[in-house]
Each structure stands twice: as C-alpha cells, then as structure tokens.
Amino acid sequence: MDLYIYYRVSPAHTQALHGKIKALQAVLQARFGIVGGLKRRPGEQDGRQTWMEVYEHIAPGHEEEFGRALERALDDADIAALIDGPRHVERFEDVATCA
C-alpha cells in the first residue's frame with residue numbers, strides 16, 4: 001500500500017513545515033522502515049503551495065498501525081497549525097498481474 005497525502009501551505013510556513021515533516025518522517029522510517037518523500041507542486045495558486053507526502057510500500061497488515069503512528073506524529077508536531085485546510089489522503093495498491 002502507498003499513501004499520497006496532499007495539502008496547501010502558505011509560503012510563510014514552508015520552512016517550519018519542512019523541518020517538522022522531515023523530522024516526523026525520520027521517526028516513522030526508524031520505526032517502520034518506510035522512507036517518506038516530500039514533494040511540492042511548482043508555483044503557487046491563490047498564494048498557497050501544494051505539498052505532498054509520499055509513503056510507499058507499507059507492508060500488508062501494517063496500514064492501520066502506520067496510519068495511527070502518522071496521525072500521532074502529525075498531532076505532536078502541530079502540523080495542522082502550519083497548513084491551510086485539510087490533508088487529503090489517497091491510498092493506492094500495486095496492480096497484481098494475471099498469471
């Protein structure tokens with residue numbers, strides 16, 4: 001399972017947000033072995049940037065545990081105070097090939 005999480009952020013908060021996201025991704029990597037990615041859509045829209053966190057290859061059976069740990073880390077880092085609006089979570093899984 002892969003998670004793609006996107007949200008909007010004011011340029012005034014990008015430096016603080018970047019540091020907090022990278023720190024919580026390091027904690028999640030140490031705990032789950034999942035290397036988190038952080039991306040930004042080029043440019044701005046309505047004075048905001050769109051950022052995306054990417055967490056790939058979450059092992060089957062660990063999706064809920066990882067999700068809970070991610071939510072706790074976000075709350076502990078007070079990420080909601082640095083973004084505009086909700087975080088949108090998209091889940092994708094690999095397409096199994098037919099034999």
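Two strands count as paired if DSSP finds at least two bridges between them. Keep that in mind as you explore this predicted model.

**The whole chain**

Start with everything shown as a cartoon. You should find two helices and four strands, arranged along the sequence in the pattern β-α-β-β-α-β. The C-alpha atoms fill a box of roughly 50 × 30 × 20 Å along the principal axes. Of the 99 residues, 32% count as buried.

**Strand E1 and its partners**

Next, select residues 2-9, which make up strand E1. Add residues 49-55, strand E3: seven bridges join E1 to E3, and the two run antiparallel. Zoom in on Tyr4 and you will see Val54 of E3 standing opposite.

Now add residues 84-92, strand E4. E4 is also antiparallel to E1, with six bridges between them. For an example of this pairing, select Asp2, whose bridge partner in E4 is Phe92.

**A walk through salt bridges**

Turn on the side chains. Side chains of opposite charge can pair when their charged atoms come close. The whole structure has four salt bridges; here are some to visit.

Select Glu65 and Arg31, whose side chains meet in a salt bridge at 3.4 Å, N to O. Glu65 belongs to helix H2 and Arg31 to helix H1 (residues 14-32), so this pair ties together parts that are 34 residues apart in sequence. Glu65 counts as partly exposed, at 30% relative accessibility, and Arg31 is also partly exposed, at 47%.

Move on to Asp84 and Arg48, where the closest N and O atoms of the salt bridge are 2.2 Å apart. Asp84 sits in strand E4, while Arg48 is in the loop between strand E2 (36-40) and E3, so the pair links parts 36 residues apart in sequence. Asp84 is partly exposed at 29% relative accessibility, and Arg48 is partly exposed at 30%.

Then select Glu53 and Arg87, a salt bridge with its closest N and O atoms 2.5 Å apart. Glu53 lies in E3 and Arg87 in E4, so here the connection is between parts 34 residues apart in sequence. Is Glu53 buried or exposed? Switch on a surface to look: Glu53 is buried, with a relative accessible area of 0%.

**A negative patch**

For the last stop, select Glu71, Asp75, Asp76 and Asp78, which form a negative surface patch. Asp76 lies in helix H2, residues 63-76. With 70% relative accessibility, Asp76 counts as exposed, because the cut-off for exposed is over 50%.

How values were computed
Residues are numbered from 1 along each chain as its sequence is written. This is a predicted model: local features need pLDDT of at least 70, side-chain atom pairs count only at pLDDT 80 or more; totals for chains, interfaces and linings use all residues. Side-chain values use heavy atoms; hydrogens and water are left out. Patches are made of residues with over 30% relative accessible area and no salt bridge: like charges are joined within 9 Å, nonpolar side chains (Val, Leu, Ile, Met, Phe, Trp, Tyr) within 5 Å. Accessible areas come from the Shrake-Rupley method with a 1.4 Å probe; for residues, only the protein chains shown count as cover. Lys and Arg count as positive and Asp and Glu as negative; His and the chain ends are not counted. The place of a charge is taken as NZ of Lys, CZ of Arg, CG of Asp or CD of Glu. Buried means under 20% relative accessible area, exposed over 50%, partly exposed in between (1.4 Å probe, protein chains only).
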